[in-house]
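Open the model in your viewer and keep the selection tool at hand. Each stop below says what to select and what is there.

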Amino acid sequence: MAFSATARPLLLLALATMLLAPGATARAPQAYAPDPLTGPRSRLGPDRDWVGLRPLGAETEILVLAGHADSQGIAGAGTPGEAVALRGARPMQPGLRDELHWNLLTARAVVALGRQRGLNLRFYDPPARTIADADDPRTNWSVGKAHAAAGGYALEIHYDAYGPDGVGSGLIPPLHRHPSRLDESLALAFGSYPLLYRNGLGAPRRGIAILEIGKLEGVLEAALRDPGRRDATLTAIALRVVEALERGLNLQTPSPIGELPVGVAPERRARP
């Protein structure tokens, strides 16, 4: 059955809504219940060491980045995913780790949907897929750091490693300022990692939040790889991210809970 250009986006949104877990758009889903689409959530912080209370204006520009977009073929290239690493599947794109392929498609889907809904989003894609110097001004880290330092919000999209090396979905907050309501809203939607996860990753130390969508395995990877479900799956994920961003820019002040942890100053570090 053919659909018109006008009807197709509406159909994808309807399918995406069905793919979203029950309660996925609610403010406080069960902390560690596996999600039917994105799988396990981070279990690293049963007593979370941060809460995002710092407000951000609705006009805040959100810079969306695709994790590992500038580190192919070198350390830190991202996960190949379970299908390629363990099941003999071909990579989605020659020369790219599968994680980057999905990071790029997800980041672009988030920006496209967010703009449709009136959010101030933009996407940055480095001009080269391999930039060895992490502090080169063209890298995700450099562009994201400058954006965050200027008062914007920088968000890098990732898919986590398969198997025991992966943790699950969740937000790793930036460390340059107290966590914001955007951080909090994304953590409620996807789960949360500790402030100093792995002693502070390079992106958070530069003011860039990392959002792990889910482990690149099982149901999630199968849905992404299936041509018949791919568009609806990406739309479902983008919708969850965008709705979390919308809530984060419009949340009422939560009840006081005490002093927030202080962020960690950025520093030069080798890529993890």
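The tour starts with the whole chain, then visits helices and single residues in turn.

**The whole chain**

Keep in mind that this is a predicted model. Colour the protein chain by secondary structure: there are 8 helices and 5 strands. Trace the chain along its sequence, and the pattern reads α-β-α-α-β-α-β-β-α-α-β-α-α. Now colour by burial. Of the 272 residues in the protein chain, 52% are buried. Contacts reach far along the sequence too: among those with a separation of 6 or more, 78% are between residues 24 or more positions apart.

**Helix α5**

Select residues 181–190, which form helix α5. How many of the 10 residues are buried? The count is 9, so the helix is largely enclosed by the rest of the structure. The buried residues are R181, L182, D183, E184, S185, L186, A187, A189 and F190.

Next, show what covers them. The cover includes strands β1 (62–66), β3 (153–160), β4 (170–172) and β5 (208–215), along with helix α8 (230–248).

Look at the two ends of α5. At the N-terminal end, S180 acts as a cap, with a side-chain oxygen 3.2 Å from the backbone nitrogen of L182. Just after the helix comes G191, with a positive phi of about 110 degrees.

**E156 in strand β3**

Strand β3 is part of the cover over α5. Select E156, which lies in this strand. Is E156 buried or exposed? Its relative accessibility is 4%, so E156 counts as buried. Show the side chain of H158 as well: a polar contact of 2.8 Å joins it to the side chain of E156.

Then expand the selection around E156, skipping neighbours within four places in sequence. Its contacts include L65, A66 and G67. N140 and W141 are also in contact with E156, as is A203. I208, A209, I210 and L211 complete the set.

**K145 in helix α4**

Select residues 140–149, helix α4, and pick out K145. With 41% relative accessibility, K145 counts as partly exposed. Add R206 to the view. R206 and K145 are 61 residues apart along the chain, but their C-alpha atoms are separated by 5.0 Å. Beyond neighbours within four places in sequence, K145 is in contact with N140, R206 and I208.

**Helices α3 and α8**

Return to α8, which helps cover the buried residues of α5. Add helix α3, residues 98–116. The axes of α3 and α8 come within 9 Å and cross at roughly 60 degrees. The two helices are therefore oblique to each other. Their crossing is right-handed.

Show side chains where they meet. From α3, display W102, L105, T106, A109, V110, L113 and G114. From α8, display R230, L234, I237, A238, L239, V241 and V242. By class, this contact has 11 nonpolar, 2 polar and 1 charged residues.

**Helices α7 and α8**

Keep α8 and add helix α7, residues 218–225. Here the axes come within 6 Å and cross at roughly 125 degrees. α7 and α8 are therefore oblique to each other. On the α7 side, select L220, A223, L224 and R225. They meet R230, T233, L234 and I237 of α8. This contact of α7 with α8 has 5 nonpolar, 1 polar and 2 charged residues.

Finish with R230, L234 and I237 selected: these residues of α8 meet α3 and also α7.

How values were computed. Residues are numbered from 1 along each chain as its sequence is written. This is a predicted model: local features need pLDDT of at least 70, side-chain atom pairs count only at pLDDT 80 or more; totals for chains, interfaces and linings use all residues. Side-chain values use heavy atoms; hydrogens and water are left out. Buried means under 20% relative accessible area, exposed over 50%, partly exposed in between (1.4 Å probe, protein chains only). Helices (H or I, at least four residues) and strands (E, at least two) are DSSP runs, numbered from the N terminus. Contact means heavy atoms within 4.5 Å. A polar contact is a pair of N or O atoms within 3.5 Å; within protein, one must be able to donate a hydrogen and the other to accept it, and residues adjacent in sequence count only if both atoms are side-chain atoms. Axes are lines fitted to C-alpha atoms, for helices over the stretch in contact, and angles run from 0 to 180 degrees between N-to-C directions. Angles under 35 degrees count as roughly parallel, over 145 as roughly antiparallel, 65 to 115 as roughly perpendicular and the rest as oblique. A crossing is left-handed if the near helix is turned anticlockwise from the far one by less than a right angle, and right-handed if clockwise. Ala, Val, Leu, Ile, Met, Phe, Trp, Tyr, Cys and Pro count as nonpolar, Asp, Glu, Lys and Arg as charged, and the others, Gly among them, as polar.
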